[in-house]
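Here is a short briefing to read alongside the model at your bench. Have a look at the structure first, and then we can walk through its charged pairs and its metal site together.

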Amino acid sequence: MKCRKCGGRGVINLRQHKLILCKEHYLEWLPEQVQRAIDRYHMFTPQERVLVAVSGGKDSLSLWDILTRLGYHTDGLYIGLGIEGEVHYSDESLRLTEQFAGAHGLHLNTIKVAEEYGLAVPEIAQQTYHGQTKPCSVCGRIKRHIMNRAARDGGYDVLATGHNLDDEAAVLFGNTLNWSAGYLMRQGPVLEADIPGVVRKVKPLCRIYEREMAAYALLRGIEYIYDECPFAVGATSIYYKELLNQLEADHPGAKLNFYLSFLQAKKGGLFTGAADQARQSLHPCPTCGQPTSVEGECAFCRMMGKVKKLTKS
Ligand code: Q46
Ligand code: ZN
Ligand code: ZN
């Protein structure tokens, strides 16, 4: 296995690109791909301030590393969910995130849900949705709310998350199985800030395979949390990823093609009607100012209202 660029020892075979690269050229190649996605989808400019949502995992820490290497102005945002598990998942992920920020002289904003709202994510889920075993939908809602608020209040132009191609393809697969037009039309590399109170969201890694990100983190010597969140076990998204990996093994490039063809179809107007409809039904929440499609207070504020009552009594 020889590097196509220098003939040196190849460390990775990018089958879908028919490309073998050595360590040095791989560490050059990947940031170039990310830069291309940033340009192609008009994610942000070198003048804009980027808030990178970091979880301590390989994707988000590598994203922060790549954006810094590309010369962008970035700060990190870590959200402490208060999730335990075998290795004290949240504590360990915060430790690794702080270690990364410290080593690179980067600024990290940390928001701990329990400190801010009185209860950690699993407790909020338990108290507000009795009998639900997995806190994931509550967790997702809390993360989305805090990420947008932190980016808006901190004066950032854009919020970047570490979703990779495998993540995006799995979500797309799930949404397609259900033909969820509402979700499909919102899925993409960029979610524009076209509603008051909302900050632009971008996914610079949306064209990069998960195994490419793992190789990058390894070759850059980034220490990240290997364990998944304990609640991720058995998630349908993981099952979809496995199915797509089978497809990819037989047809290299299938995953990328699935995702890029979707973006192309969307650009061609496949979901235009649904997009307009969804946008028209959004209005700012009277309590927090973030957009919601429900009457009155948004789902986050209603949930936190319950939490406030619980922690007071
Ligand atoms: S949603 Fe669910 Fe994740 Fe929150 S509770 Fe863990 S698995 S962290 S992406
Ligand atoms: Zn080389
Ligand atoms: Zn609200």
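Is Glu210 buried, partly exposed or exposed? Glu210 counts as partly exposed, because its relative accessibility is 23% and the buried class ends at 20%. Please keep in mind that this is a predicted model. Two topics follow: salt bridges, then the zinc site.

**Salt bridges between helices H9 and H2**

- The count of salt bridges comes to 13, and a few of them are worth a visit on your screen.
- Glu210 pairs with Lys58 through their side chains, with an N to O distance of 3.6 Å. Glu210 belongs to helix H9 (residues 210-220) and Lys58 to helix H2 (residues 58-69), so this salt bridge ties together parts that are 152 residues apart in sequence.
- Lys58 counts as buried, because its relative accessibility is 14%.
- Arg220 and Asp65 form another salt bridge, at 2.9 Å from N to O. Here too a residue of helix H9, Arg220, meets one of helix H2, Asp65, so the pair links parts that are 155 residues apart in sequence.
- Asp65 is buried at 2% relative accessibility, whereas Arg220 is partly exposed at 33%.

**A further pair and a network**

- Arg200 and Glu192 also meet in a salt bridge, with 3.9 Å between N and O; the cut-off for such a pair is 4 Å.
- Arg200 is buried, with a relative accessible area of 15%, while Glu192 is partly exposed, with 43%.
- Shared partners connect some salt bridges into one network, which is made up of Lys58, Asp59, Asp167, Glu210 and Lys241. You have already met two of these residues, Lys58 and Glu210, as a salt-bridged pair.

**The zinc site**

- The zinc ion (ligand 3) is coordinated by the SG atoms of Cys285, Cys288, Cys298 and Cys301, at 2.3 to 2.4 Å.
- Why is the arrangement around the zinc ion (ligand 3) tetrahedral? The four donor atoms subtend angles of 106 to 114°, and four donors count as tetrahedral if all angles lie between 85 and 135 degrees.
- Along the chain, the donors of the zinc ion (ligand 3) follow the spacing C-x2-C-x9-C-x2-C, which is handy to trace in the sequence in front of you.
- Cys285 and Cys288, two of the donor residues, are both buried.

Notes
Residues numbered from 1 in each chain as written. Chains lettered and ligands numbered in written order. Predicted model: local features only at pLDDT ≥ 70, side-chain atom pairs only at ≥ 80, totals over all residues. Heavy atoms only, no water. Helix = DSSP H or I, 4+ residues; strand = E, 2+ residues; numbered from the N terminus. Buried < 20%, exposed > 50% of the residue type's maximum accessible area, 1.4 Å probe, protein only. Donors = N, O, S within 2.8 Å, 3.2 Å for Na, K, Ca; no water. Tetrahedral: all angles 85-135°; square planar, octahedral: opposite > 155°, others 65-115°.
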